Amino acid sequence: MILNGNNITKQYTRRGEKFNAVNNADFFAWSGDFTVIFGESGSGKSTLLNALAGVTAPTSGNVELDGQPLFKLNDEELARLRNERIGYIPQNTASLSAFTVAENITLTSTLYNKKIDKEHIKALLNKLGIAHLANEHPQNLSGGELRRVAIARALANKPDLIIADEPTSNLDEENSRKVYSLFARLARTGVAVVIATHDKNAFGYSNRVYHMKSGSLVPDIGEYGNL
Ligand SMILES: Nc1ncnc2c1ncn2[C@@H]1O[C@H](COP(=O)(O)OP(=O)(O)OP(=O)(O)O)[C@@H](O)[C@H]1O
Ligand SMILES: [Mg+2]
């Protein structure tokens, strides 16, 4: 098992009232799994993904990557681990406007003094249909193009866990298919893919489905089943 979330609860306070945006969620994924978390707006998907990706510590509960509890690491260790292992595509991603698309994609590798695999990045841009935009600046791109830049950036370091929050929001059907095909191909090479989405097309690519309802995470045992 690559990713294991146990009893994850995230409590927020709104207008003086405490509530659990995520309530005692248990989640796991194996290498090679393509997992979809489906749930209506406000059900807690992004809050859960933030915990699973090591971005925001839950109020209680544990997240382990290959048995290593993420939130026991210090900030620097966690940042390094996330950079090396986890490709996270948040729901709202910002690109840095002072840099080109290509520079945005390789920025974290540059920061960590990592060798940049140019062929890999070129192939990624091609698969996502944004190769012609490599030298553009983000402010000149459409919402859907920016979404694909965020995906390329998350995959640039060849992570073995991909966590993507609504990766196909802003994308038309053809480009959504490109993104799912890319994720599915990576899953076949042993990468664990976890996505939250409203897009029912994602189900056709997944082998594990969860539903999120009012903070509770329920494994799907229905039509698509959990293999
Ligand atoms: N920082 C915060 N402080 C207080 N409440 C929050 C905070 N972030 C999210 N919430 C609330 O927690 C609940 C879950 O939010 P979350 O963003 O996880 O939902 P979601 O399932 O991702 O929704 P969407 O499909 O619209 O992206 C919502 O009621 C939201 O308003
Ligand atoms: Mg969300």
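Two strands count as paired if DSSP finds at least two bridges between them. Keep that in mind for the sheet. The model on screen is predicted.

**Stop 1: the β1–β2 hairpin**

Select β1 (3-14) and β2 (17-29). These strands pair in the antiparallel sense, over nine bridges. Now pick Y12. Its bridge partner in β2 is F19. Then move along to N4. Here the partner in β2 is F28. Next, show the turn. Two residues lie between the strands of this hairpin, and R15 takes a positive phi near 45°.

**Stop 2: across to β4**

Keep β1 selected and add β4, residues 60-65. This pair is antiparallel too, with five bridges between β1 and β4. Label N6. Its bridge partner in β4 is N62.

**Stop 3: β5 and the second turn**

Add β5 (68-69). Two bridges join β4 to β5, and the two strands run antiparallel. Click L65 to find its partner in β5, Q68. The hairpin of β4 and β5 has two residues between its strands. Check the backbone torsions at D66: phi is positive, near 50°.

**Stop 4: the whole sheet**

Show the four strands together. What is their order in the open sheet? Reading across, it is β2-β1-β4-β5, with antiparallel pairing. β2 and β5 are the edge strands, each with a single partner, so one side of each has no neighbour in the sheet. As background, strands of a sheet pair through backbone hydrogen bonds, either parallel or antiparallel.

**Stop 5: ligand 1**

Switch to ligand 1 and its surroundings. Ligand 1 sits in the second largest pocket. Which elements give two or more residues to its shell? They are β1, β2 and α1 (45-52). Colour α1 separately, as this helix gives the largest share of the shell, three residues.

Now select the shell itself. In total, 15 residues surround ligand 1. The closest are S41, G42, K45, S46 and T47. Colour the shell by residue class: three are nonpolar, eight polar and four charged.

**Stop 6: polar contacts**

Draw distances from the oxygen atoms of ligand 1. Three are worth displaying:

- S43: a backbone N or O atom lies 3.2 Å from a ligand oxygen atom.
- G44: a polar backbone atom is 3.0 Å from an oxygen atom of the ligand.
- K45: a polar side-chain atom lies 2.7 Å from a ligand oxygen atom.

Finish with a surface view. Taken alone, ligand 1 exposes 640 Å². The protein buries 69% of that area.

**Last view**

Show the sheet and ligand 1 together. β1 appears at both ends of the tour: it pairs with β2 over nine bridges, and it gives two or more residues to the shell around ligand 1. K45 also deserves a label, as one of the closest residues to ligand 1 and the owner of the 2.7 Å side-chain approach to a ligand oxygen atom.

Terms used
Residues numbered from 1 in each chain as written. Chains lettered and ligands numbered in written order. Predicted model: local features only at pLDDT ≥ 70, side-chain atom pairs only at ≥ 80, totals over all residues. Heavy atoms only, no water. Near = heavy atom within 4 Å. Polar contact = N/O pair within 3.5 Å; in protein donor to acceptor, adjacent residues only side chain to side chain. Areas by Shrake-Rupley, 256 points an atom, 1.4 Å probe, with all protein chains shown as cover. 1 Å grid on protein atoms, 1.4 Å probe; cavity = no way out; pocket = protein on both sides within 12 Å on 5 of 7 lines; lining within 4 Å. Sits in = over half its atoms within 2 Å of the grid points. Nonpolar A, V, L, I, M, F, W, Y, C, P; charged D, E, K, R; others polar.
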